[in-house]
Amino acid sequence: MNIFVLLKQTFDTEEKIVIQGGEISEDGVKFIINPYDEYAVEEALRLKELHGGQVTVISIGPPRSAEALRTALAMGADEAVLISDERIPADEYSLSVVLAAYLYKVTADVVLGGNFSVDQGSGQVAVRLAQLLNLPHVSSVTKLDIADGKAKVLRDAEGDAETIEVALPALFTAQQGLNEPRYPSLPGIMKAKKKPFHQLGLSELGLSDAEIAPRTERISLSLPPQRQAGQILQGELKEQAAQLVSLLRSEDKAI
Amino acid sequence: MSKHYVVIAEVRSEQLRQVSLEAIEAARLSAHEGDTISALLLGHNLSEQVSQLSRYVSGQVHVLDHPDLEHYLAERYCSAIIPVLESLEPYAIVLGHTAMGRDLAPMLAAHFQAGQISDVTAIHRNGSELLFTRPVYAGKAFEQKRFIDGRHIITVRPNNIPPAAEAGSPGEIVQHAYTAPVNLRTIIKDVITKASGRVDLAEAQIVVSGGRGVKSAEGFKPLEQLAEVLGGAVGASRGACDAGYCDYALQIGQTGKVVTPQIYIACGISGAIQHLAGMSQSRIIIAINKDPEAPIFKIADYGIVGDLFEVVPLLTEEFRKALA
C-alpha cells in the first residue's frame, strides 16, 4: 500500500504568542509536528504494519520543517519530501495546488492528513487536495480499518459518530482519539538519517507563480485583549453560590 | 453591479441551526445595498425549516429535499450543491463553521478555485474593502484577512456574529431535483447521534466544563445536572479526556474545540495555556477549583475556591431557584 501523509510543522502548543513587527515572533519557539498530523503519521505506520507498503511524509514549509519530517522518519516513515520555496504563498488555495502538483505524479492508495493545524486552524488544505485529486475523502476520522480495497471509518461529526465506507484510493483527516502516536526510538533516529529525503521547489514541480497566486491575504495580526483576574468570592460556599447567581443576573445580565 | 450572496444553511436535530442565521447576518454585513442574499438548504422533510428560513432572506430559498440527503455525506452534498451554485453564480458563499461547513466549504472552494476564509468571528468594512477577523493559534492571536480576487467563501464561527433578524418580505422558495451522483465512492453505514437532545458545544450559550478535578466519568454527573438546568452543554479539558473520563468530542482547547459562550464554568480545571486558548474568549468565565493558586483564577471573572463536588450542586440549586 502506498501511503502519503501531509505534515505541517507548528508551534508547540505550550508556546505563548508574541507579535513583533506585525508578525508572530519565532524567537526561541519550540516547533513540533502538528498534533493532528502526528495522528496521521501514526495511522500510516499502523496501516503499513498491517498491510505492508511504503509511507511517505510530505511538508510544505521553511527549511526548519525538515526537523518535523526527520521526526516522522524516525517514527518509521520511509521517505520524506520537503517542498520549500519562498514564493509559495500561505494561502490555502496555493498550498493545495502545490501539494496536488506533487501527488498527481504518484500513485497513492491512501492520503492522510490532520483534521486541522493548531496554528492557522483553517482545516482547508487536505480537503481541497482531495477535491483537486478527485479522491473521495472522509474528514475527522477516529477509526480507520482497511480491507479488500475499501476503508471502513468512524467519523466524528460534532459528537455524532458516523460509520462510513469508502473505496480506495481515498484521503482521510485524523481526529483525536484515532490512535496514540509512538515516540521515535533511538534505532529509529539512527535509521532516519539514511532514509531518502527529497527537497523540492516550485520549478521542480513545474508550477508558475501565476498558477499558485493566492486568493486571500493577511492584513494584520493582533493579540486578544488581556483578561483581568476578577473577583474571588468569599464566605460559606452556599453564600458564594447564591452571590454568584445574583451577580450574573444583576451585574452581568447574563441569565 | 449587484452581487449574489448564497448562505448554505443547515438543519440539526430537525432544527434550523442558529449558526445559519448568523451566517445570513454575515452575508448582510458583507453585502451592499441592492445585493441579493439567498439561502440553500439540503436535507429531508424540510418544509418547516424552509418556511422558517424564508423569513430571514429577501432573496430565494433553494431547496434540495430528498431521503438520500438526510445525513451529510461529502460526495452527495457536494455534487448536489455544485449545479445549483453554478446556476446562481454567487459572488460569495457563506456557511457555518460546523462539522458540515468545515468539510463542505473547502470542497466548494477547490471546485471553484476560490479563496476561503475559515472560522470568521467578525466582519469589518474599511471603505470598499471587507476585512474578516479570525483566530489563529486557537485564539492566542487574531488575524484580519481579505480576499484578493475571485469568489468569496467564508465559514463563520458559531456564537460570534449576531443572528439575522427577519427580513421584510419572505423569500421565494425554489425546489431543485436531486440526482444521485453516478460514481458514488462513499456510503454512510450508520450514524449514532450521541448529542441527540443535547445542546451543541460550539453553539452553546453556557458551557460547564470539567477537568482532572472531576476524578472519574461518574464525576461529570453533577456538571451535567448543572448544564441541564442552564440549558447549556458539557465540555472538558484535555486532562479529563486523556484520563478517559469523557469522550474527546467534548475537549476544549488548542487541540479540540474552541468555544465562545456567554458563560463558561470551569470546574476542577487548573487552566493550562492550551485549555485557555480554547475558552478565553468566552464572555464571562467562572472558575471553581480547590487550589487557590490555580492559573484559571487569573483570567476568571468570578472564582470560587472549593471542592467542585460541593460547589457545583449548590450552584445547580441556586440557578434552579433563580430560573424558576
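How many bridges join strand β8 (residues 122-126) of chain B to strand β9 (residues 129-136) of chain B, and do these strands run parallel or antiparallel? In this predicted model, five bridges join β8(B) to β9(B), and the two strands run antiparallel. One of the pairings places B:R125 opposite its bridge partner B:L130 in β9(B). The two strands form a hairpin with two residues between them, and in the turn B:G127 has a positive phi of about 65°.

From this local feature the description passes to the sheets, beginning with one that draws on both chains. An open sheet of ten strands follows the order β13(A)-β7(A)-β6(A)-β1(A)-β8(A)-β12(A)-β9(A)-β10(A)-β11(A)-β13(B), and its pairing is mixed. Its edge strands are β13 (197-200) of chain A and β13 (186-192) of chain B, each of which pairs on one side only. On average, neighbouring strands of this sheet are turned by 25° against each other, direction ignored.

Within the ten-strand sheet, strand β1 (residues 2-6) of chain A runs parallel to strand β6 (residues 54-60) of chain A, and five bridges join the two. Here A:N2 has A:Q54 as its bridge partner in β6(A). A helix also accompanies this part of chain A: helix α4 (residues 125-132) lies across β1, β9 (137-147) and β12 (170-174) of chain A. The direction of α4(A) is at about 175° to that of β12(A).

A second open sheet likewise includes strands of both chains. Six strands are arranged in the order β15(A)-β18(B)-β17(B)-β16(B)-β14(B)-β15(B), with parallel pairing. The edges are formed by β15 of chain A and by β15 (233-236) of chain B, each pairing on one side only. Where the chains meet in this sheet, strand β15 (residues 231-232) of chain A and strand β18 (residues 302-305) of chain B pair in the parallel sense over two bridges. In that pairing, the partner of A:Q231 in β18(B) is B:Y302. Elsewhere in the sheet, strand β14 (residues 206-210) of chain B is joined to β16(B) by five bridges, and these strands run parallel. B:V208 stands opposite B:I265 in β16(B).

Helices from both chains lie across the six-strand sheet. Helix α5 (residues 221-230) of chain B crosses β14, β15 and β16 of chain B and runs at about 180° to β14(B). From chain A, α7(A) lies across β15 of chain A together with β16, β17 (284-289) and β18 of chain B, running at about 170° to β18(B).

The interface between the chains can now be considered as a whole. The contact takes 78 residues from chain A and 88 residues from chain B. The area buried between the two chains is about 7,200 Å², with carbon and sulfur atoms giving 54% of it. In chain A, the residues that lose the most area to chain B are A:E158, A:R215 and A:R227, which together account for 12% of what that side buries.

Polar interactions also cross this boundary. Between chain A and chain B there are 45 residue pairs in polar contact, with both residues at pLDDT 80 or more. The largest share of the side of chain A that touches chain B, ten residues, comes from helix α7 (residues 237-250) of chain A. By class, that side of chain A has 36 nonpolar, 21 polar and 21 charged residues. Nine salt bridges are found across the interface, including one between the side chains of A:D160 and B:R12 at 3.8 Å, N to O.

Over all chains, the whole structure has 36 salt bridges. Within chain A, one of them joins the side chains of A:R87 and A:D209 at 3.5 Å, N to O. This pair links distant parts of the chain, 122 residues apart. A:R87 is in the loop between β7 (79-83) and α3 (92-103) of chain A, whereas A:D209 is in the loop between α6 (202-205) and β14 (216-222) of chain A.

A final residue of interest is B:Y245, in the loop between α6 (238-242) and β16 (263-267) of chain B. Leaving aside neighbours within four places in sequence, the residues in contact with B:Y245 include B:G211, B:R212, B:F220 and B:A240. Another of its contacts is B:K215, whose backbone oxygen is reached by the side chain of B:Y245 at 3.2 Å. By contrast, the C-alpha atoms of B:Y245 and B:H62 are separated by 43 Å, the two residues being 183 residues apart along the chain.

Notes
Residues are numbered from 1 along each chain as its sequence is written. Chains are lettered from A and ligands numbered from 1 in the order in which they are written. This is a predicted model: local features need pLDDT of at least 70, side-chain atom pairs count only at pLDDT 80 or more; totals for chains, interfaces and linings use all residues. Side-chain values use heavy atoms; hydrogens and water are left out. Contact means heavy atoms within 4.5 Å. Buried area is the accessible area (1.4 Å probe) that two parts lose on being put together, summed over both. A salt bridge is a side-chain nitrogen of Lys or Arg within 4 Å of a carboxyl oxygen of Asp or Glu. A polar contact is a pair of N or O atoms within 3.5 Å; within protein, one must be able to donate a hydrogen and the other to accept it, and residues adjacent in sequence count only if both atoms are side-chain atoms. Helices (H or I, at least four residues) and strands (E, at least two) are DSSP runs, numbered from the N terminus. Ala, Val, Leu, Ile, Met, Phe, Trp, Tyr, Cys and Pro count as nonpolar, Asp, Glu, Lys and Arg as charged, and the others, Gly among them, as polar. Two strands pair if DSSP finds at least two bridges between them. Axes are lines fitted to C-alpha atoms, for helices over the stretch in contact, and angles run from 0 to 180 degrees between N-to-C directions.
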